[in-house]
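Q: Please take a close look at the empty space inside this protein. Start there, then work outwards through the parts around it, in terms a first-year student can follow.

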Amino acid sequence: MSVKIHDSRQVREFLEQVSGLDNEQGSPRVKKIIHRVLSDLFRTIDELDITPDEYWAAIAWLNDLGAAGQAGLISPGLGLDHFLDLRLDAIDAQLGIDNPTPRTIEGPLYVSGAPVEQGFARLDDGSDPDGQPLVMHGTVVGADGKPVAGAQVEVWHCDTRGFYSHFDPTGEQKPFNMRRTIIADDQGRYRFRSIVPAGYGVPPGSPTEQLLTALGRHGQRPAHIHFFISAPGHRKLTTQINLAHDPLVNDDFAHATRDGLICQVTERSDQASIKAHDMDGPFGEIEFDFRLTALVDGVDNQVVAQRRRANG
Ligand code: MBD
Ligand code: FE
């Protein structure tokens, strides 16, 4: 049996009532959004003949998702984070703004308050026995094409098991392991030593994985390193680099890989390189410059006000 009641007057009035459009209190914006989303959902139930069992399975899944703190994890999995980036790109295109270093999604695992270091930082605490030493360095370049002295480089990445500090299911990592804020030197240069991260996978058996599996998809990300780059007079850049050697570099469940953000890790084992970077043996090297864009009419038109993150 298939019935279609969405377009009836009764349902139309019911939607206005549950969305609060028939009262004067509350927030007009919230009412408008809820009315649209609910209308679309009612219509979906109607058109696809969603059964009560299907509906209640979805509600149980939402409860599991929330209990696991994974709303911010399924969001990139369903492409919403990337869609928001595409919209920011389109707004920039309309304003004639070019982003020489592309933005890409923040993801759910940033933690504020990382230790601040000048020019150089070591990110890892040396406790990951499988860690291949890594040196990444480069320059923060301003909208005028000149290096930005004192630019702020916030960096975070996971370990060789794909676990981030503060979200490590084994509890093994110390707070802020592989998380730092580096203040670029007077020539706009930043440099850090760490270990080459592995890819990330959504928690096995989690609500996020369950939905991805039902879509015939995996929940893996290629190896990547996250950044926020900020400097006076410039828009804050949220981005990541993706490591070229990872077989999933173009098969990211979070859709964050972009042209211009794929980096090779160059193996260095010669003494000159080892000495130049103050290393004690062979290491991988990444060189990458971040190019910032100017404020628009004196303001950052795209700054994302501190989102409420999974850690509260
Ligand atoms: C991550 O490490 C990440 O960067 C994103 C976007 C989603 C899940 C885990
Ligand atoms: Fe990540």
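A: The cavity and its surroundings

In this predicted model, a search of the whole structure turns up 1 cavity of 30 Å³ or more. The largest cavity holds about 100 Å³ of space. Its lining is made by 15 residues, and those nearest the centre are G107, P108, L109, R221 and H226. Two elements, α4 and β9, each give two or more residues to that lining.

One of these residues leads to the metal site. H226 is nearest the centre of the largest cavity along with four others, and H226 is also a donor of the iron ion (ligand 2) through its NE2 atom. The protein donors are completed by Y164, through OH, and H224, through NE2; the distances from donor to iron run from 1.9 to 2.1 Å. Along the chain, the donors are spaced as Y-x59-H-x1-H. Y164 sits in the loop between β4 and β5, whereas H226 belongs to strand β9 (residues 224-230), so this pair ties together parts that are 62 residues apart in sequence. Y164 and H226 are both buried.

The loop that holds Y164 has another feature to notice. M178 is placed in the loop between β4 (152-156) and β5 (179-183). M178 has a positive phi of about 60 degrees, although M178 is not a glycine. Its relative accessibility is 1%, so M178 counts as buried. D278, in the loop between α7 (271-276) and β13 (283-287), makes a useful comparison. D278 likewise is not a glycine and has a positive phi of about 60 degrees. However, D278 has a relative accessibility of 67% and therefore counts as exposed.

Now return to α4, which helps to line the cavity. The buried residues of α5 pack against α4 (71-77). Helix α5 covers residues 80-95, which is 16 residues, and it reaches 23 Å from its first C-alpha to its last, close to the 22 Å expected at 1.5 Å a residue. Buried in α5 are D81, H82, D85 and D92. Viewed down the axis of α5, these buried residues fall within an arc of 95 degrees, so they line one face of the helix. A general rule helps here: an α-helix has 3.6 residues a turn, so residues three or four places apart point the same way. The face of α5 turned away from the buried side carries the exposed residues L84 and Q94. Just after α5, G96 takes a positive phi of about 75 degrees.

Helix α5 also belongs to the description of an open space. The largest pocket has a volume of about 600 Å³. It is lined by 27 residues, of which D85, L88, T238, Q302 and V304 are closest to its centre. At least two residues of this lining come from each of α4, α5 and β10 (237-243). The largest share, 5 residues, is supplied by α5. D85 thus appears twice, as a buried residue of α5 and as one of the residues closest to the centre of the largest pocket.

To put the parts together: α4 gives residues to the lining of the largest cavity and to that of the largest pocket, while H226 links the cavity lining to the iron ion (ligand 2).

Methods: Residues numbered from 1 in each chain as written. Chains lettered and ligands numbered in written order. Predicted model: local features only at pLDDT ≥ 70, side-chain atom pairs only at ≥ 80, totals over all residues. Heavy atoms only, no water. Helix = DSSP H or I, 4+ residues; strand = E, 2+ residues; numbered from the N terminus. Expected span 1.5 Å × (residues − 1). Buried < 20%, exposed > 50% of the residue type's maximum accessible area, 1.4 Å probe, protein only. Arc of directions from axis to C-beta. Contact = heavy atoms within 4.5 Å. Donors = N, O, S within 2.8 Å, 3.2 Å for Na, K, Ca; no water. 1 Å grid on protein atoms, 1.4 Å probe; cavity = no way out; pocket = protein on both sides within 12 Å on 5 of 7 lines; lining within 4 Å. Points joined across faces, edges and corners; volume = space filled by probe spheres on them.
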